[in-house]
Amino acid sequence: MAHNNDDTLERGEDLRGARPHSGSPARTTAGMRVQRASDPRTASLIALVIVTIALFSVLVPIHASLYGAPVPVAIPVGAGLCVAPLVALTRPRVAIVVFCLAAFALPLLATTDSVSAGPWPWPWSVPAMIAFTVFVLVITTVHGWRLGLVGWAVSMLGSLVTPMLIRVVPAGAAGPDLIVTASITGAALLVAMLLAGRIRVGEELTRERELTASEQARRVLVEERTRIARELHDVVAHSTSLIQVQASTARFRIPELPPVALAEFDDIAATARGSLTEMRRLLGVLRTDDHSPQLAPQQGIAEIPDLVEGIRRAGVEVEFSFTQPPVDLPPSLEIAAFRLTQEALSNAVRHAPGTEIMLIVGIADRSVTIQVHNDVPGEAPAPASSGGGHGLQGMQERVALQGGSLVVGPDPAGGWTVTAVLPWGGAAGWQQ
């Protein structure tokens, strides 16, 4: 059989990128992406809790001491004002009601003597103004500009009505405080609108990237299965051709055949020729626009020593143990064994350069065992390979087609091992 060693270092995929070094299937790339996405949210929640506690610790004493608010009433009202941003994360409408009621009631607790005694801003104190700003930022960023605008407008409307119900400051003295509050919170509303739009665009881009990655993975899988099907077509077509030739030449090789047997052989030959025609049509369906037909025969287990020699000539140290295969191995198994070895060696060369590679090809108990091991795992590769190979997926597909098993991962010594077992005597078929 002819072989091509140039593919050895060109093909192959990042095996470690598809399965983390920990060996745990739960730690997938998607799971790590979700964990990274959740970290900023956790930090934001912690920061919001800290701000809430700080505002409550400052707001209640200030209103009790400077504004003369009764402490038993100031505590629940202040709690409603400060906790509303936290409630807004999950229940925005409830948060709007709670905040607006607290913002309306808190100025009513102030006494005329306490406010007149010092230049305290009223109806919005400084802590209440900060709580208002935080509330607008949170509800607008998380739930959009509509709910944010409603919360801001209702709260400002309540603060406009408050001076009409109680006069704890001279007429018109509340105007500057309302203007400052409206300006600061209005600016916060605009900033939150822009931030919410940016977050929404980022989430849409993330979803598009995930969809593109999913479609890419699906396309790679289909291409790999198509390539395997084209290889198996050659094997099946060769066997069918032999059947057709044997059936067609039976009358010349065995002259004493009765007419009934000759007619049966003619039917077998016609059926084989029809099958070959249909298989050629199937191969045409499986071909892609960028596919170029291979003129060299498919490689088998017997070509693995030549593959190893090609890698050694490239300067890679390979410790090789090889058991001569029997002559009755299925052709599909031979192709799968060669491709598995080629992929595993290619990935060992790519991701653990400069280390010695150990390759064992053993045949026992009607199964072929292929083990590729390198002592040092090398630097951690990226999750997605930039090369042109479909290594891990192709290996999984080939092993599943033969009804075998594949184990890829780190070993206790710190190296990286690929072990494939291919039984012969029946194929399990592709797993969906």
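E203 sits partly exposed in this predicted model, with a relative accessible area of 34%. Its side chain takes part in a salt bridge with R41, where the closest N and O atoms are 3.6 Å apart. Look for R41 in helix α2 (residues 29-65) and for E203 in helix α8 (residues 174-248): the pair links distant parts of the chain, 162 residues apart. R41 itself counts as exposed, at 60% relative accessibility.

**The salt bridges**

How many salt bridges does the count come to? The count comes to 3 salt bridges. Besides the R41 and E203 pair, there is one between D266 and R251, whose closest N and O atoms are 2.8 Å apart. This pair also links distant parts of the chain, since D266 belongs to helix α10 (residues 259-286) and R251 to helix α9 (residues 250-253), with their positions 15 residues apart in the numbering. E309 and R312 meet in a salt bridge too, at 3.0 Å from N to O. Here both partners lie in helix α11 (residues 304-313), 3 residues apart, which is about one turn of the helix.

The table lets you read the accessibility of the residues in these pairs.

| Residue | Relative accessible area | Class |
|---|---|---|
| R41 | 60% | exposed |
| E203 | 34% | partly exposed |
| D266 | 33% | partly exposed |
| R251 | 34% | partly exposed |
| E309 | 36% | partly exposed |
| R312 | 33% | partly exposed |

To see how such a class is assigned, take R312: its relative accessible area is 33%, and partly exposed covers the values between under 20% (buried) and over 50% (exposed).

**A nonpolar patch on the surface**

Now turn to another part of the surface. L108, L157, L160, V161 and L165 form a nonpolar patch there, and together they have about 420 Å² of accessible area. Which helix gives the largest share of the nonpolar patch? That is helix α7 (residues 145-165), which supplies 4 residues. One residue to pick out is L157, whose place is in helix α7. Is L157 buried or exposed? L157 is exposed, because its relative accessible area is 53% and the cut-off for exposed is over 50%.

**F56 and its neighbours**

Go back to helix α2, where you will find F56. With a relative accessible area of 29%, F56 is partly exposed. Which residues does F56 touch, not counting those up to four places away in sequence? They are P61, I75, G78, A79 and C82. V83 can be placed relative to F56 as well: the two are 27 residues apart along the chain, and their C-alpha atoms are separated by 8.4 Å.

C82, one of the residues that F56 touches, counts as buried at 1% relative accessibility. C100 is another buried cysteine, at 13% relative accessibility. Both values fall under the 20% limit for buried. A disulfide is a covalent bond between the sulfur atoms of two cysteines. How many disulfides does the structure hold? The structure holds 0 disulfides.

**A cis peptide bond**

For a detail of the backbone, find W122 and P123. A cis peptide bond joins them, with omega at about 15°. Where is P123? P123 lies in the loop between α5 (112-117) and α6 (126-143).

**The chain as a whole**

Finally, step back to view the whole chain. There are 13 helices and 5 strands in the chain. Of its 432 residues, 40% count as buried. The chain exposes about 23,100 Å², and carbon and sulfur atoms supply 64% of that area. Among contacts between residues at least 6 apart in sequence, 78% join residues at least 24 apart.

How confident is the predictor? The mean pLDDT of the chain is 78, and 78% of the residues reach 70 or more. Over residues 1-37 the pLDDT is below 50, and this stretch has 80 contacts in the model beyond near neighbours in sequence. The pLDDT is also below 50 over residues 426-432, a stretch with 17 contacts in the model beyond near neighbours in sequence.

Key: Residues are numbered from 1 along each chain as its sequence is written. Side-chain values use heavy atoms; hydrogens and water are left out. Patches are made of residues with over 30% relative accessible area and no salt bridge: like charges are joined within 9 Å, nonpolar side chains (Val, Leu, Ile, Met, Phe, Trp, Tyr) within 5 Å. Accessible areas come from the Shrake-Rupley method with a 1.4 Å probe; for residues, only the protein chains shown count as cover. A salt bridge is a side-chain nitrogen of Lys or Arg within 4 Å of a carboxyl oxygen of Asp or Glu. Helices (H or I, at least four residues) and strands (E, at least two) are DSSP runs, numbered from the N terminus. Buried means under 20% relative accessible area, exposed over 50%, partly exposed in between (1.4 Å probe, protein chains only). pLDDT is the predictor's confidence in each residue, from 0 to 100. Contact means heavy atoms within 4.5 Å. A disulfide is a pair of cysteine sulfur atoms within 2.5 Å.
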